[in-house]
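The following exercises introduce a protein model through a series of short tasks. Each task is followed by a solution that proceeds step by step.

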Amino acid sequence: MDLIRRLFTAALVAGVLSGTAASVVQQATTVPLILEAEKYEVVSPPPATAATAAPAAPAEAHQHGPTREIGEGVPAALDEVMQRIGLTIVANLITGVAYALLLGAAILLAGRPVDARRGLVWGVGGFVAVSLAPSFGLAPELPGMAGAELELRQLWWLSAAAGAGVGMAALAFARNRLVIAAAIVAAALPHLIGAPHPESAEGAVPPELAARFVAASLGGAALFWAILGSVCGWLMSGLVNSAESRPALRVQPGAR
């Protein structure tokens, strides 16, 4: 019971720290790019013609109609921005704790000594499996970019992440060559099949903006996993090391 409690404590601390750091980095890097990309989603209406143009409103309507004060929409816009920031932070915290639980469980199952430095290696593995490997087929996308069906993309991402994780685990811990070869095939199979893409890759977002978003997203994910792995390994060092060095119980012959 104490093992589970300490695992959840380590996951909570590591998830909150990594999620907070990711939120701060996103506000300075990816969020401005998302806001810039959303401008390209606005479709301007077609120019009015003589057949479709609405009749001009009487002059009195402009003179006596309701007027709108300057800055009337500022509170609503500010409220929307704060709501988006809050939802982003909450999502990052929940994601951080969830990934920390998975990483901590993997560390316990491996049963190897762990500390902050070794935890960083685990974090790098998580980054490769969850972010880097899937990005070779499905790079992070901005609003307004063309994409295949969401269900197909999620299924391919899951298979690519799971395959990369299995492949790295086999290379690190397996001793059987057949097991290692099968794990490598499982890691490469989603990429050999190919990620789902739309028939037309045309989009409103400029390629330069999309490339900057991919680089910023992967950089933020690398920082997220580095903090998560280091903190999780540091907090769990006592768990794995003490369990490994705990002497076995010996029963003396004839003892009661």
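**Exercise 1. Salt bridges**

Determine how many salt bridges a search of the whole structure finds, and examine three of them.

*Solution.* The model is a predicted one.

Step 1. The search of the whole structure yields four salt bridges.

Step 2. One of them joins the side chains of Glu 36 and Lys 39, with 3.3 Å from N to O. Glu 36 counts as partly exposed because its relative accessibility is 30%, a value that is neither under 20% nor over 50%. Lys 39 has a relative accessible area of 57% and is therefore exposed.

Step 3. Another salt bridge is formed by Glu 38 and Arg 84, whose closest N and O atoms are 3.1 Å apart. This pair links distant parts of the chain: Glu 38 belongs to helix H2 (residues 30-38) and Arg 84 to helix H4, with their positions 46 residues apart. Glu 38 is partly exposed because its relative accessibility is 26%. Arg 84, at 34%, is likewise partly exposed.

Step 4. Asp 115 and Arg 118 also form a salt bridge, their closest N and O atoms lying 3.2 Å apart. With a relative accessible area of 26%, Asp 115 is partly exposed. Arg 118 is partly exposed as well, at 35% relative accessibility.

Step 5. The general background is that side chains of opposite charge can pair when their charged atoms come close.

**Exercise 2. The overall fold**

Describe the secondary structure of the protein and the contacts between its residues.

*Solution.*

Step 1. The protein has nine helices and zero strands. Read from the N terminus, the order of elements is α-α-α-α-α-α-α-α-α.

Step 2. Of the 256 residues in the protein, 26% are buried. The accessible surface amounts to about 16,800 Å², and carbon and sulfur atoms account for 67% of that surface.

Step 3. Consider the contacts between residues at least 6 apart in sequence: 87% of them join residues at least 24 apart.

**Exercise 3. The nonpolar cores**

Which residues of the largest nonpolar core touch the most other members, and which helix supplies its largest share?

*Solution.*

Step 1. The largest nonpolar core holds 18 residues, and those that touch the most other members are Ala 14, Ala 100, Ile 107, Phe 224, Trp 225, Leu 228 and Met 236.

Step 2. At least two residues of this core come from each of helix H1 (2-28), helix H4 (74-110), H5 and helix H8 (207-235). H8 gives the largest share, namely six residues.

Step 3. Ala 14 serves as an example: neighbours within four places in sequence being set aside, Ala 14 is in contact with Ala 100, Leu 228, Val 231 and Cys 232.

Step 4. Another core, of seven residues, lies apart from the largest one; Leu 33, Val 205, Phe 213 and Ala 216 are among its members.

**Exercise 4. Two residues of helix H8**

Decide whether Val 214 and Ser 217 are buried or partly exposed, and identify the residues that they touch.

*Solution.*

Step 1. Val 214 lies in helix H8, and so does Ser 217.

Step 2. The cut-off for a buried residue is under 20% relative accessible area. Val 214 has 21% and is therefore partly exposed. Ser 217 has 18% and so counts as buried.

Step 3. Residues up to four places away in sequence being left out, Val 214 touches Ala 139 and Pro 140. On the same terms, Ser 217 touches Thr 30 and Pro 140.

Step 4. Val 214 and Glu 141 are 73 residues apart along the chain, yet their C-alpha atoms are separated by 7.4 Å.

**Exercise 5. Helix H6 and a surface patch**

Which residues of H6 are buried, and against which helices do they pack?

*Solution.*

Step 1. Helix H6 (residues 150-173) contains 24 residues and reaches 34 Å from its first C-alpha to its last, close to the 34 Å expected.

Step 2. Its buried residues are Trp 156, Ala 160, Ala 161, Gly 163, Ala 164, Gly 167 and Ala 170. In general, an α-helix has 3.6 residues a turn, so residues three or four places apart point the same way.

Step 3. These buried residues of H6 pack against helix H5 (116-135) and helix H7 (177-193).

Step 4. H7 also contains Ile 193, which is exposed because its relative accessibility is 64%. Together with Leu 189 and Leu 192, Ile 193 makes a nonpolar surface patch of about 350 Å².

Definitions and conventions
Residues numbered from 1 in each chain as written. Predicted model: local features only at pLDDT ≥ 70, side-chain atom pairs only at ≥ 80, totals over all residues. Heavy atoms only, no water. Helix = DSSP H or I, 4+ residues; strand = E, 2+ residues; numbered from the N terminus. Expected span 1.5 Å × (residues − 1). Buried < 20%, exposed > 50% of the residue type's maximum accessible area, 1.4 Å probe, protein only. Contact = heavy atoms within 4.5 Å. Patch = residues over 30% accessible without salt bridge, like charges linked within 9 Å, V, L, I, M, F, W, Y side chains within 5 Å. Areas by Shrake-Rupley, 256 points an atom, 1.4 Å probe, with all protein chains shown as cover. Core = buried A, V, L, I, M, F, W, Y, C linked by side-chain atoms within 4.5 Å.
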